[in-house]
Amino acid sequence: MKAAVLHTLGKPPRFEDFPDPNPSPDEVKVHVKAASLKNIDKALACGSHYDSHSELPVVCGIDGVGILDDGTRVYCGGPRPPYGMMAEQTVVSRAWCLPIPAAVDDVTAAALPNPALSSWLPLVWRAQLKAGETVLILGATGVAGKLALQIAKHLGAERVIAAGRNHRVLATLPDLGADAIIALDQPDGELTAAFIREASHKSFDIILDYLWGHPTEVLLDALTGHDLKAESSRIRLIEIGEMAGPTISLSAAALRSSGLELHGSGGGCIPHTAIFEAFPQLWALAAAGKLRIDTEPVPLADVENAWQRQDVPGRRVVIVP
């Protein structure tokens with residue numbers, strides 16, 4: 001079969017032949033129809049992720065959409081190494097094959113779950129969003145951030161503030177439900193003032209942080225003192241991604257003066273039951289046209305070029321065998 005094969009960490013995968021998979025008794029063979037190209041796929045392949053590939057060569061792609069031998073169309077994840085979803089075929093556990101509504105096309109079904117779950121699970125399971133709360137999204141101009149905005153509104157957030165760097169995408173976010181936008185490419189003093197100004201309307205209840213690094217440090221400075229009192233509410237900051245940097249400098253005063261709580265959200269701290277419970281609701285929203293995601297199908301044969309190019313902000317590339 002043809003596949004996107006990774007031979008060296010830090011290098012793009014190559015389109016080439018790879019042995020056909022043979023499923024074990026508790027696995028199924030999947031004839032792949034689409035697999036999205038995500039930041040986590042690139043992090044795993046470059047060796048920067050805590051769960052990066054330990055044995056090479058390996059086929060890239062952690063999840064996608066395919067057809068089982070019995071004709072069932074499924075979304076599936078967690079293929080058994082060295083197989084991945086960016087291939088003509090793969091093998092996965094039967095437990096990780098979930099049926100997809102007919103109203104959701106292959107490309108959308110492949111692109112949606114990873115970025116949608118990145119906000120659904122923190123909001124529902126980790127932060128336990130209550131109707132009427134205020135949500136700040138750091139990194140709202142990316143694929144996941146745009147979905148986070150829509151999902152926060154669907155789950156009952158009264159006010160959602162979208163913060164990002166790409167001004168073209170920021171201008172489109174009110175149409176997705178943003179009540180206010182903050183440009184992150186301002187000088188630190190102006191950015192701090194913008195955070196304080198938005199929090200003065202109503203304190204942030206939940207912060208979804210796809211960035212970490214310096215933008216988070218500026219935000220924490222805004223939350224430290226400045227008459228933003230802890231009694232207004234808990235402030236649950238959920239760390240999801242690290243697009244702006246893997247570490248921050250955190251002052252003790254930030255924790256003592258703001259009611260701030262720090263949480264993480266990732267594969268190591270979210271139970272599988274929560275993931276499975278989320279899928280029917282996400283599929284229903286997608287089938288009803290209530291979740292919008294921009295996608296770009298790319299042939300598997302072009303995976304090496306797609307891997308290296310600069311992505312269009314807010315658009316998800318989907319590899320199609």
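Trainee: Which residue forms a salt bridge with Arg14, and how far apart are the closest N and O atoms?

Mentor: The model is a predicted one. In it, Arg14 pairs with Glu16, and the closest N and O atoms are 3.3 Å apart. Arg14 itself is partly exposed, at a relative accessible area of 38%.

Trainee: How many salt bridges does the structure hold?

Mentor: The structure holds 15. A salt bridge here is a Lys or Arg side-chain nitrogen within 4 Å of a carboxyl oxygen of Asp or Glu. Lys38 and Asp41 meet that criterion, with their closest N and O atoms 2.8 Å apart.

Trainee: Are Lys38 and Asp41 buried or exposed?

Mentor: Buried means under 20% relative accessible area. Lys38 is at 2%, so Lys38 counts as buried. Asp41 is also at 2% and therefore buried. The two residues belong to a network of salt bridges that includes Asp63.

Trainee: Which parts of the chain does the salt bridge between Lys146 and Asp294 tie together?

Mentor: The side chains of Lys146 and Asp294 meet at 2.9 Å, N to O. Lys146 sits in helix α4 (residues 143-154) and Asp294 in strand β15 (residues 294-299), so the bridge ties together parts 148 residues apart in sequence. The burial of the partners can be read separately: Lys146 is buried at 10%, while Asp294 is partly exposed at 40%.

Trainee: Which elements do the buried residues of α1 pack against?

Mentor: Start with the residues themselves. In α1, Asp41, Ala43, Leu44 and Ala45 are buried. The buried residues of this helix pack against β1, β3 (27-36) and α10 (303-308). Just after α1, Gly47 takes a positive phi of about 90°.

Trainee: Where else is phi positive, in a residue other than glycine?

Mentor: Gln128 has phi near 50°, and Gln128 lies in the loop between α3 (113-126) and β9 (134-138). Trp212 has phi near 60° and lies in the loop between β12 (206-209) and α7 (213-223). Trp212 counts as buried, at 14% relative accessibility.

Trainee: Which peptide bonds are cis?

Mentor: Omega is the angle to read. The bond from Leu56 to Pro57 is cis, with omega near 5°, and Pro57 lies in the loop between α1 (39-46) and β4. Another cis bond joins Pro81 and Pro82, where omega is about 10°. Pro82 lies in the loop between β6 (73-77) and β7 (89-93).

Trainee: What is the strand order in the open sheet of three strands?

Mentor: The order is β2-β1-β4, with antiparallel pairing. β2 (14-17) and β4 (58-59) stand at the edges with a single partner strand each, so one side of each has no neighbour in the sheet. Strand β1 (residues 2-6) is joined to β2 by four bridges. To locate the register, note that Lys2 stands opposite Asp17 in β2.

Trainee: How is strand β5 placed, enclosed or not, and why?

Mentor: In a regular strand the side chains alternate between the two faces of the sheet. Burial then has to be checked residue by residue. Five of the six residues of β5 (residues 63-68) are buried, so this strand is largely enclosed by the rest of the structure.

Trainee: Which strands pair with β5?

Mentor: Four bridges join β3 to β5 in an antiparallel arrangement, with His31 opposite Ile67 in β5. β5 also pairs with β6 in the antiparallel sense, over five bridges. There Gly66 stands opposite Val74 in β6. β5 and β6 form a hairpin with four residues between them, and Gly71 in the turn has a positive phi of about 95°.

Trainee: Which residues make the nonpolar surface patch?

Mentor: Leu250, Leu255 and Leu262 make a patch of about 230 Å². Leu255 is found in helix α8 (residues 252-256) and is partly exposed, at 40%.

Trainee: What does the radius of gyration say about the whole chain?

Mentor: A compact globule of 321 residues would have a radius near 20 Å, and the chain, at 20 Å, agrees with that. Buried residues make up 51% of the chain. Its secondary structure comes to 10 helices and 16 strands.

Notes: Residues numbered from 1 in each chain as written. Predicted model: local features only at pLDDT ≥ 70, side-chain atom pairs only at ≥ 80, totals over all residues. Heavy atoms only, no water. Patch = residues over 30% accessible without salt bridge, like charges linked within 9 Å, V, L, I, M, F, W, Y side chains within 5 Å. Areas by Shrake-Rupley, 256 points an atom, 1.4 Å probe, with all protein chains shown as cover. Helix = DSSP H or I, 4+ residues; strand = E, 2+ residues; numbered from the N terminus. Buried < 20%, exposed > 50% of the residue type's maximum accessible area, 1.4 Å probe, protein only. Pairing = 2+ DSSP bridges. Contact = heavy atoms within 4.5 Å. Rg over C-alpha atoms; globule rule 2.2 N^0.38 Å.
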